[in-house]
Amino acid sequence: MWNGYHHSFSTIGRDIDDRGRVVGLEDYYYRNDPKLTPAVWKKPYDALPADPGRLNGYRDLELSGTSPTTNVAVGTATNFEESWPSYFQAVYWPGKGAPLALPFPAGAPGAVPLSRAFAATDDDRVGGTVSDRETGANSAVIWTCASKQAYAPKG
């Protein structure tokens with residue numbers, strides 16, 4: 001996306017809640033060094049987006065969805081290897097404080113599963129995917145009681 005300044009920088013809104021708060025990311029890709037910064041815009045949209053921070057152990061984070069009224073946002077923390085996304089972790093952000101990880105579901109495929117979160121509801125459910133890193137097989141997942149499952153990973 002061309003933003004009028006530099007073609008390697010994009011600002012992307014992904015979801016909007018009932019109060020008009022928008023979540024998404026700022027995507028910067030220059031010379032094979034991607035950087036995904038989470039972004040939160042509030043009405044009247046006359047200021048730069050707020051950055052809620054990163055998930056411990058991950059360099060990048062993108063927000064993909066927000067619940068209609070609870071201020072919760074969800075997304076994916078990512079680490080890149082040689083400019084390719086190699087590790088994904090589903091993220092739950094309660095609207096203040098640090099982003100939290102959502103656990104891999106019991107029976108998640110592979111030795112090192114990958115997870116992503118895309119949607120949040122007002123009744124504490126989060127929808128996303130879990131993938132086998134080796135085979136690439138994906139399965140839908142719903143975290144119920146997501147706020148109770150979310151945790152701060154250790155360094």
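**View 1. Arginine 21 counts as buried, because its relative accessibility is 5%.** Buried means under 20% relative accessible area, exposed means over 50%, and partly exposed is in between (1.4 Å probe, protein chains only). A quick heads-up: this is a predicted model, where local features need pLDDT of at least 70 and side-chain atom pairs count only at pLDDT 80 or more, while totals for chains, interfaces and linings use all residues. Residues are numbered from 1 along each chain as its sequence is written, and side-chain values use heavy atoms, with hydrogens and water left out. Arginine 21 sits in the loop between strand 1 (9–16) and strand 2 (22–30). Strands (E, at least two residues) and helices (H or I, at least four) are DSSP runs, numbered from the N terminus. Which side chain makes a polar contact with the side chain of arginine 21? That's asparagine 71, at 3.1 Å. A polar atom of the arginine 21 side chain also lies 3.5 Å from the backbone oxygen of valine 72. (A polar contact is a pair of N or O atoms within 3.5 Å; within protein, one must be able to donate a hydrogen and the other to accept it, and residues adjacent in sequence count only if both atoms are side-chain atoms.) Skipping neighbours within four places in sequence, arginine 21 is in contact with residues including Asp15, Trp41, Thr66 and Trp93; contact means heavy atoms within 4.5 Å.

**View 2. Strand 4 (60–66) and strand 5 (73–81) pair up antiparallel.** Six bridges hold this pairing, and two strands count as paired if DSSP finds at least two bridges between them. Want one pair to look for? Find aspartate 60, which stands opposite threonine 78 in strand 5. The two strands make a hairpin with six residues between them. Asparagine 71, in the turn, has a positive phi of about 80°.

**View 3. The loop between strand 3 (33–41) and strand 4 holds proline 44.** Is the peptide bond from lysine 43 to proline 44 cis or trans? It's cis, with omega near 10°. Tyrosine 45 is in this loop too, and its phi is positive, near 60°, even though the residue isn't a glycine. Most residues other than glycine have a negative phi, and most peptide bonds are trans. With 40% relative accessibility, tyrosine 45 counts as partly exposed.

**View 4. Strands 8, 9 and 10 form an open antiparallel sheet, in the order 8-9-10.** Strand 8 (114–120) and strand 10 (138–143) are the edge strands, since each pairs on one side only. On average, neighbouring strands here are turned by 25° against each other, direction ignored. (Axes are lines fitted to C-alpha atoms, for helices over the stretch in contact, and angles run from 0 to 180 degrees between N-to-C directions.) Strand 9 covers residues 126–131 and is joined to strand 8 by six bridges. For one bridge, look for serine 115 and its partner in strand 9, valine 130.

**View 5. The largest nonpolar core has 13 residues.** Such a core is a set of buried Ala, Val, Leu, Ile, Met, Phe, Trp, Tyr and Cys residues joined through side-chain atoms within 4.5 Å. Val74, Tyr92 and Val126 are among the residues with the most contacts inside this core. Strand 6 (84–93), strand 8 and strand 10 each give two or more residues to the core. Zoom in on valine 126: leaving out residues up to four places away in sequence, this residue touches Leu102, Ala117 and Trp143, among others. A second, separate core has six residues, including Tyr58 and Leu61.

**View 6. Aspartate 124 is in the loop between strand 8 and strand 9.** Why does aspartate 124 count as buried? Because its relative accessible area is 18%. The side chains of aspartate 124 and serine 147 share a polar contact of 2.8 Å. Threonine 70 is 54 residues away along the chain, with 8.9 Å between its C-alpha atom and that of aspartate 124. Cysteine 145 is one of the residues in contact with aspartate 124. You'll find cysteine 145 in the loop between strand 10 and helix 1 (146–149), with a positive phi of about 55°. At 41% relative accessibility, cysteine 145 counts as partly exposed.
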